[in-house]
Amino acid sequence: MAEQNDTSEKIIKAFIELFRDHGYKGATTRAVAERAGVNEVTIFRHFGNKKGLMDAVLQKVSYTPMIEKIINEAMIWELEHDLLLISHGYHAYMEDMKDLILIVFREAGLFPEMNETIIEVPRQLRNVMVSYFTEMKKRGKIVETDIEFQAMNFIWLNFGYFISKARFGQELVPGSQDAFITNSIQLFARGLTP
């Protein structure tokens, strides 16, 4: 079993490297097999096809497990504090993965079959945030509101900042990331606090 996991990891690593350098089209199963030092049939045995490999890669680089870990281990169930922790964790992770994320979005426009996989990442985060807001509602810590919308508003706030900063740098978003997050979360939390 460990050998199978090692092989899968080598294949995923090779795909990510090729994807970064040559995009989705250039990350052929043949090229991935060569880079990973495996037979091309091994890729099909582990992942089914190229889309299956892409699905595995996006699950591997998904920020959702990191956000779930923050929620499960670091929440004090105080809205502003908790959302600041989640936002800072999200942005640290997104910054680490920025090159890959930007390539994924560029490539998704060229290969619509990637959209099915890509949409799962924010969908999973939405579900995690809905669970968090539902618990906060049970505790009487947020106002009566549509929790699904608020989860998406929180995601858009963070993702919008990330994309704007990645694309335009300080030209569009003056000030530090910390200042933006702090001010935005204060306002967001104030709107949801009874």
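Throughout this tour, buried means under 20% relative accessible area and exposed means over 50%, with partly exposed in between (1.4 Å probe, protein chains only). Your model is a predicted one, where local features need pLDDT of at least 70, side-chain atom pairs count only at pLDDT 80 or more, and totals for chains, interfaces and linings use all residues. Residues are numbered from 1 along each chain as its sequence is written, and side-chain values use heavy atoms, with hydrogens and water left out.

**Stop 1: the whole chain**

Start with everything shown as a cartoon. You should find 10 helices and 0 strands, where helices (H or I, at least four residues) and strands (E, at least two) are DSSP runs numbered from the N terminus. Along the sequence the pattern reads α-α-α-α-α-α-α-α-α-α. The C-alpha atoms fill a box of roughly 60 × 40 × 25 Å along the principal axes. Of the 194 residues, 43% count as buried.

**Stop 2: the annotated N-terminal part**

Now select residues 5-65, which UniProt lists in an unreviewed entry as "domain: HTH tetR-type". UniProt positions are given here in the numbering of the model, feature names are shortened, and annotations may be inferred rather than shown by experiment. Over residues 5-65 the chain is 85% helix and 0% strand, with its end C-alpha atoms 19 Å apart.

Narrow the selection to 28-47, listed by UniProt (unreviewed entry) as "DNA-binding region". Over residues 28-47 the chain is 80% helix and 0% strand, and the end C-alpha atoms lie 13 Å apart.

Next, pick Ala 27, in the loop between helix 1 (2-26) and helix 2 (29-36). Is Ala 27 buried or exposed? Its relative accessibility is 1%, so Ala 27 counts as buried. For a sense of distance, draw a line from Ala 27 to Phe 159: they are 132 residues apart in sequence and 27 Å apart in space, C-alpha to C-alpha.

**Stop 3: Trp 77**

Move along to the loop between helix 5 (64-74) and helix 6, where Trp 77 is found. Trp 77 has a positive phi of about 60 degrees, although it is not a glycine. Most residues other than glycine have a negative phi. At 18% relative accessibility, Trp 77 counts as buried.

**Stop 4: helix 7**

Select residues 98-110 and look at helix 7 from the side. The expected span of a helix is 1.5 Å times one less than its number of residues. For the 13 residues of helix 7 that gives 18 Å, and the end C-alpha atoms are 19 Å apart, which agrees. Colour its buried residues: Leu 100, Ile 101, Ile 103, Val 104, Glu 107 and Ala 108. Seen down the axis of helix 7, these buried residues fall within an arc of 165 degrees, so they line one face of the helix; the arc is that of the directions from the helix axis to the C-beta atoms. On the face turned away from that buried side, helix 7 carries the exposed residues Asp 99, Gly 109 and Leu 110.

**Stop 5: the largest pocket**

On a 1 Å grid over the protein atoms alone, a cavity is a set of points where a 1.4 Å probe fits but cannot get out, and a pocket is an open set with protein on both sides within 12 Å along at least five of seven lines; lining residues have an atom within 4 Å of a point. Grid points are joined across faces, edges and corners, and a volume is the space filled by probe spheres set on the points.

The largest pocket has a volume of about 370 Å³. Of the 21 residues lining this pocket, show the closest to its centre: Tyr 63, Phe 105, Ile 118, Val 121 and Pro 122. Which helix gives the largest share of the lining? Helix 8 does, with 5 residues. The lining has 19 nonpolar, 2 polar and no charged residues, where Ala, Val, Leu, Ile, Met, Phe, Trp, Tyr, Cys and Pro count as nonpolar, Asp, Glu, Lys and Arg as charged, and the others, Gly among them, as polar.

**Stop 6: the largest cavity**

About 40 Å³ of space lies in the largest cavity. Select its lining: Ile 67, Ile 86, Tyr 90, Leu 125, Phe 154, Ile 155 and Asn 158. Helix 9 supplies the largest share, 3 residues.

**Stop 7: helix 10**

Finish at residues 177-192. Helix 10 has 16 residues and reaches 22 Å from its first C-alpha to its last, close to the 22 Å expected. Its buried residues are Ile 181, Ser 184, Ile 185, Phe 188, Ala 189 and Leu 192. They cover an arc of only 130 degrees around the axis, which puts them on the same side of helix 10. Turn to the face away from the buried side for the exposed residues Leu 187, Arg 190 and Gly 191.
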